[in-house]
Amino acid sequence: MNNNKRMKVLEVTMLGHGDRALLLNLDKKEFLFISGKNSGALLTEIKSNKNVEKSMELNKLIEKRLTNA
C-alpha cells in the first residue's frame with residue numbers, strides 16, 4: 001500500500017449558508033480552504049503562530065466571508 005500521501009484533510013468545519021472550512025496539510029505546510037456553494041473559494045497558507053499579524057488577517061478574511069454570505 002502506498003502510504004506516502006502528500007495531502008491530508010486535518011479538519012472540516014461547516015460555517016453555515018453552504019460554506020465550509022477545511023484545514024489541510026500539504027507537503028508539511030498547513031492551508032485553510034474555504035468554499036461555498038454560492039460563492040468562490042479561498043485558499044491561504046497558515047504560517048506559524050508566532051506571526052500574529054498573519055493570524056489577524058486570516059480572522060478578518062473569515063469574518064468577511066461570513067458577513068458576505
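How many salt bridges does the count come to? A salt bridge is taken here as a side-chain nitrogen of Lys or Arg within 4 Å of a carboxyl oxygen of Asp or Glu. By this rule the count comes to one. The model is predicted: local features need pLDDT of at least 70, side-chain atom pairs count only at pLDDT 80 or more, and totals for chains, interfaces and linings use all residues. Residues are numbered from 1 along each chain as its sequence is written, and side-chain values use heavy atoms, with hydrogens and water left out.

The protein holds one helix and four strands. Helices (H or I, at least four residues) and strands (E, at least two) are DSSP runs, numbered from the N terminus. The elements follow the order β-β-β-β-α from the N terminus on. The protein has 69 residues, and 16% of them count as buried. Buried means under 20% relative accessible area, exposed over 50%, and partly exposed in between (1.4 Å probe, protein chains only). About 5,800 Å² of the protein is exposed. Carbon and sulfur atoms supply 51% of that area. Accessible areas come from the Shrake-Rupley method with a 1.4 Å probe; for residues, only the protein chains shown count as cover. Contacts (heavy atoms within 4.5 Å) were also counted. Among those between residues at least 6 apart in sequence, 15% join residues at least 24 apart.

The four strands form an open sheet in the order β1-β2-β3-β4, with antiparallel pairing. Strands β1 and β4 (42–46) are the edge strands, each pairing on one side only. On average, neighbouring strands of this sheet are turned by 20° against each other, direction ignored. The angle rests on axes, which are lines fitted to C-alpha atoms, for helices over the stretch in contact; angles run from 0 to 180 degrees between N-to-C directions. Two strands pair if DSSP finds at least two bridges between them. Strands of a sheet pair through backbone hydrogen bonds, either parallel or antiparallel.

Strand β1 spans residues 7–16. Its partner β2 covers residues 19–26, and eight bridges join the two in the antiparallel sense. Met7 has Leu26 in β2 as its bridge partner. Glu11 is matched with Leu23 in β2. β1 and β2 form a hairpin with two residues between them. His17 lies in the loop between β1 and β2. The phi of His17 is positive, about 55°, although His17 is not a glycine. Most residues other than glycine have a negative phi. With a relative accessible area of 63%, His17 is exposed.

The next pair, β2 and β3, runs antiparallel and is joined by seven bridges. Leu24 has Phe31 in β3 as its bridge partner. A hairpin with two residues between the strands connects β2 and β3. Asp27 sits in its turn, with a positive phi of about 50°. Asp27 is a residue other than glycine.

Asp27 also takes part in the salt bridge. Its partner is Arg6, and the closest N and O atoms are 2.6 Å apart. The pair links distant parts of the chain. Arg6 belongs to the segment before β1, Asp27 to the loop between β2 and β3, and the two are 21 residues apart. Arg6 counts as exposed, at 56% relative accessibility. Asp27 counts as partly exposed, at 41%.

The last pairing joins β3 (residues 29–35) to β4. These strands pair in the antiparallel sense over five bridges. Phe31 stands opposite Glu45 in β4, and Leu32 stands opposite Thr44 in β4. The hairpin from β3 to β4 passes through six residues.

The surface also carries a nonpolar patch. Val9, Val12 and Met14 form this patch, with about 300 Å² of accessible area together. Patches are made of residues with over 30% relative accessible area and no salt bridge: like charges are joined within 9 Å, nonpolar side chains (Val, Leu, Ile, Met, Phe, Trp, Tyr) within 5 Å. Val12 is placed in β1. At a relative accessible area of 47%, Val12 is partly exposed. In a regular strand the side chains alternate between the two faces of the sheet.
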